[in-house]
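Me: I've got a fold on my screen and I'd like to talk through its side chains. Can you walk me through it?

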Amino acid sequence: MSEPPSGLFRSWVHSYEEDHEDVRVYRPDDHPFPPARGRRGMEFAPDGTFVDHPLGRGDAPDAVPGRWRLVSDRHIALTFGGARPDRELEILRCDEDVLHVRRLTG
């Protein structure tokens with residue numbers, strides 16, 4: 001994979017019920033999730049922009065802008081310009097329905 005999969009470029013929401021071992025599972029934002037107090041998420045754009053959606057006050061989603069870049073095959077670096085710690089992800093699976101990532105740092 002010399003480029004990230006085209007299915008990556010969308011808004012993803014953490015489906016923590018499906019997490020296993022050190023793999024985090026994300027679904028598209030229109031997925032029928034079971035009720036939860038709040039869900040984290042993230043958005044990738046083809047131009048290298050990235051938005052992290054951590055939980056904010058009262059479990060409402062927040063938005064932290066950043067950038068992504070492909071480091072190597074299936075390895076993506078996320079940078080936030082000091083707004084939060086940078087981190088790296090390994091893409092294990094990405095298609096229209098699901099994104100599986102392993103957090104390498106951060």
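Here are some questions and answers about strands, core and rings.

Me: Before we start, what kind of model is this?
Reply: Numbering runs from 1 along each chain as its sequence is written, and side-chain values use heavy atoms, with hydrogens and water left out. Local features need pLDDT of at least 70 and side-chain atom pairs pLDDT 80 or more, while totals for chains, interfaces and linings use all residues, since the model is predicted.

Me: Which residue in S2 stands opposite Trp12?
Reply: Strands here are DSSP runs of E, at least two residues, numbered from the N terminus. Strands pair if DSSP finds at least two bridges between them, and S1 (11–14) and S2 (23–28) do so in the antiparallel sense over three bridges. S1 also pairs with S3 (residues 41–44), antiparallel over three bridges, where Trp12 stands opposite Met42. On the S2 side, the residue opposite Trp12 is Pro28.

Me: Which residue points the same way from S1 as Trp12?
Reply: In a regular strand the side chains alternate between the two faces of the sheet. Ser11 and Val13 point one way, and all four residues are buried (under 20% relative accessible area with a 1.4 Å probe, protein chains only; exposed is over 50%, partly exposed in between). Pointing the other way with Trp12 is His14.

Me: Which strand supplies the largest share of the largest nonpolar core?
Reply: A nonpolar core is a set of buried Ala, Val, Leu, Ile, Met, Phe, Trp, Tyr and Cys residues joined through side-chain atoms within 4.5 Å. The largest has 16 residues, and Trp12, Met42 and Leu99 are among those with the most contacts inside it. S3, S5 (64–72), S6 (75–79), S7 (87–94) and S8 (99–105) each supply at least two residues. The largest share, three residues, comes from S7.

Me: How far apart in sequence are the parts tied together by Phe50 and Phe80?
Reply: Rings of Phe, Tyr and Trp (its six-membered ring) pair if their centres lie within 6.5 Å; planes under 30 degrees apart are stacked, over 60 edge-to-face, the rest tilted. Phe44 and Phe50 are edge-to-face at 4.9 Å and 65 degrees. The Phe50 and Phe80 rings have centres 5.9 Å apart and planes at 65 degrees, so that pair is edge-to-face too. Phe50 lies in S4 (residues 49–53) and Phe80 in the loop between S6 and S7, so the parts tied together are apart in sequence by 30 residues.

Me: Is Ser15 buried or exposed, and at what relative accessible area?
Reply: Ser15 is found in the loop between S1 and S2. Its relative accessible area puts it in the buried class, at 3%.
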